[in-house]
Amino acid sequence: MDVTDQIRQTANIVEMASLYTTLRKRGSKHVGLCPFHSEKDGSFTVDEDKQLYHCFGCGAGGDIFTLVMEKEDLTFPESVKFLAEKYNIPLPEQKRRSPKEKKIEEDLFLACESAMAFFKKNLFNTKEGEEAMRYLSKRSIPEDVIQELKIGYALNSWDALLTSFQEKGLSTFILEKAGLILKRQNKEGHYDRFRGRIIFPIFNLTGKVVAFGGRTIIDDDPKYLNSPDTPIYTKGKILYGLHLTKQAIREKTFSILVEGYTDFVALYRNGFQNCVASLGTALTSEQMTAVARFAPRMMICYDGDIAGRKAAARAVSLSMEKGVQAKVFSLPEGSDPDSYLEEVGADRFKAEWKKSTPGLRFLVDYFSTGKKKQVPEEKSKIVRDVVEVLNRIPDAVTRSEYVKQACDLLSVDERTLCGLTKTEKQTKIPVTKKQVLFNAEKRLLQIFFADTGVAVETFKDLDLQYFDGLTSKPIFTVLAEFFQKGKNPDFGSLRDNLDPELLSLLSRVLMEGETGASCEEAQDCLRSIKTLAIEKKLKALGARINELERNGERDSIGPLLKERQAMTEELIAHTRTENTL
């Protein structure tokens with residue numbers, strides 16, 4: 001039994017759904033307000049027997065894995081790990097990692113956890129820590145925020161952490177691998193990386209400490225010092241504070257992006273808890289992807305200097321590339337979010353950000369700095385810099401709309417700008433038809449999800465060609481891969497292979513179905529589907545024959561008439577077989 005089956009047998013979807021909404025028993029099911037959209041009347045239904053959920057309002061539906069994926073913004077493997085940890089189910093060893101590598105990773109997590117406790121103890125229980133607390137107090141960082149963010153202090157000593165950890169038996173190899181100590185250059189031994197610094201622990205999305213950032217209070221260089229990349233930490237993939245603020249970002253539907261730890265702390269303690277920080281380094285594509293999972297909009301609030309504007313321009317470019325609507329809150333020259341918030345207060349700060357500059361306008365202004373638009377050569381450079389950003393937008397429609405806006409902002413003819421941007425062949429957008437399942441399709445799906453044994457047996461006689469033209473074909477195509485391996489289907493994999501409307505339709509069908517299943521009933525459904533398939537082919541063949549007759553191509557009709565006759569006989573024989581069963 002694999003880990004997903006163990007989770008299905010152990011976990012309870014009612015228990016998990018109750019973490020996200022209040023459920024009440026109604027008959028054999030549980031009902032509540034949908035956690036995926038706002039509503040007054042509860043249309044979110046959970047079936048404990050089938051371990052499925054479906055909202056009859058917005059159409060969201062699936063199993064326990066889908067629920068966790070949607071609410072926690074996780075991939076399927078991440079949701080498996082999430083549920084396995086919650087229900088104490090051991091995960092299988094990853095084949096690509098040796099026992100030695102796994103042990104090193106465990107030791108690194110332990111070292112970071114121990115270091116965080118060490119730094120916290122220094123802050124609250126040492127003479128130097130008192131000075132660090134006074135510094136934090138001057139920065140208006142209250143103790144409750146210090147505790148929540150687990151801020152600590154590294155003593156101004158060459159080996160305080162090293163000595164303490166060696167006494168506890170932690171190896172210098174792991175401490176060096178975790179980025180906590182460095183080798184001495186001219187003699188044997190090691191020394192602490194962080195000394196005389198306020199320490200900001202950095203957490204991954206699941207809340208494990210993986211690295212640290214330190215702000216000097218002894219006027220040492222550099223002002224900010226960060227952990228290096230390690231086997232458990234890559235600085236270009238993590239945003240500071242996102243593990244704490246992801247829910248607020250989701251609820252507010254936008255994030256506030258700042259550059260450093262103290263900027264984040266300033267916003268967070270003033271009630272702007274939908275913020276994240278890019279760890280004081282250039283924002284990366286992976287970081288933008290990470291925050292885009294939680295909200296489609298972003299307000300960029302970097303320092304009000306040349307470097308800050310350059311960083312904001314990069315952030316806008318990445319936001320366009322990732323489909324995030326960005327605005328830039330430009331601060332006065334020389335200000336940063338921390339100092340400006342302290343100067344004007346939270347109310348004025350919030351009022352002023354409503355005047356934020358749309359991303360494209362900010363880019364045009366940024367690329368125009370120091371250039372004269374009336375000089376053709378300089379204007380050409382501005383236009384081409386903007387076009388370079390627009391060409392990174394993958395969606396053709398979005399790119400086209402930005403091109404129109406850029407033409408107005410740059411006073412450039414649209415035809416000229418279009419000639420510089422990527423073009424794609426125009427294709428007709430098909431009219432979306434309402435997806436409908438025939439009764440035989442519905443019941444066969446219900447049977448297959450109710451009993452894998454029946455499904456595996458039935459699939460021996462199943463020809464996917466029977467489903468040509470039917471709404472359910474993509475579902476049965478994916479299911480075929482599961483049942484051929486004797487595995488249960490899971491909504492996590494279905495979610496990656498089916499469009500949302502079809503997945504919603506499937507969850508609704510399964511919620512409405514009976515729990516019983518038999519090979520005989522499954523075969524009856526297959527025969528009905530086969531009849532439908534033959535009738536559809538006959539109809540298409542008849543239409544083709546009529547078209548040839550209208551065009552006077554009688555010589556081509558003969559073979560089609562024979563094919564129609566054979567198909568009609570097949571249908572009669574098939575129907576006769578159905579009636580005798």
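**Salt bridges and one open sheet**

Let me begin with a single side chain, Lys-404, which at 36% relative accessibility counts as partly exposed. Please keep in mind throughout that what we are looking at is a predicted model.

The partner of Lys-404 is Glu-401, and the two side chains meet in a salt bridge with 3.4 Å from N to O. Glu-401 is likewise partly exposed, its relative accessible area being 39%. Both residues sit in helix α17, which covers residues 396-410, and because they are three residues apart there, about one helical turn separates them. As a general point, side chains of opposite charge can pair when their charged atoms come close.

A second pair can be described in a similar way. In helix α24, residues 519-550, Asp-524 and Arg-527 are three residues apart, and so they too are separated by about one helical turn. Their side chains form a salt bridge in which the N to O distance is 2.7 Å. Asp-524 is partly exposed, with 40% relative accessible area.

Now, how many salt bridges does a search of the whole structure find? The search gives 16, and I would like to spend a moment on one of them, the bridge between Asp-338 and Arg-139, whose closest N and O atoms are 2.3 Å apart. This pair links distant parts of the chain, since Asp-338 belongs to helix α14, residues 337-353, while Arg-139 lies in the loop between α6 (127-138) and α7 (143-149), and the two are 199 residues apart.

Is Asp-338 buried or exposed? Its relative accessibility is 8%, and because the cut-off for buried is under 20%, Asp-338 counts as buried. Arg-139, on the other side of this bridge, has a relative accessible area of 23% and is therefore partly exposed.

Let me turn, finally, from side chains to strands. There is an open sheet made of five strands, which run in the order β13-β12-β14-β15-β16, and the pairing within this sheet is mixed. At its edges are β13, residues 275-277, and β16, residues 357-358, each of which pairs on one side only.

Within the sheet, I would point you to strand β14, residues 297-300, and strand β15, residues 325-328, which pair in the parallel sense over four bridges. If you would like a particular position to find on the structure, take Met-299, and ask which residue in β15 is its bridge partner. That partner is Lys-327.

Key:
Residues numbered from 1 in each chain as written. Predicted model: local features only at pLDDT ≥ 70, side-chain atom pairs only at ≥ 80, totals over all residues. Heavy atoms only, no water. Salt bridge = Lys/Arg side-chain N within 4 Å of Asp/Glu carboxyl O. Buried < 20%, exposed > 50% of the residue type's maximum accessible area, 1.4 Å probe, protein only. Pairing = 2+ DSSP bridges.
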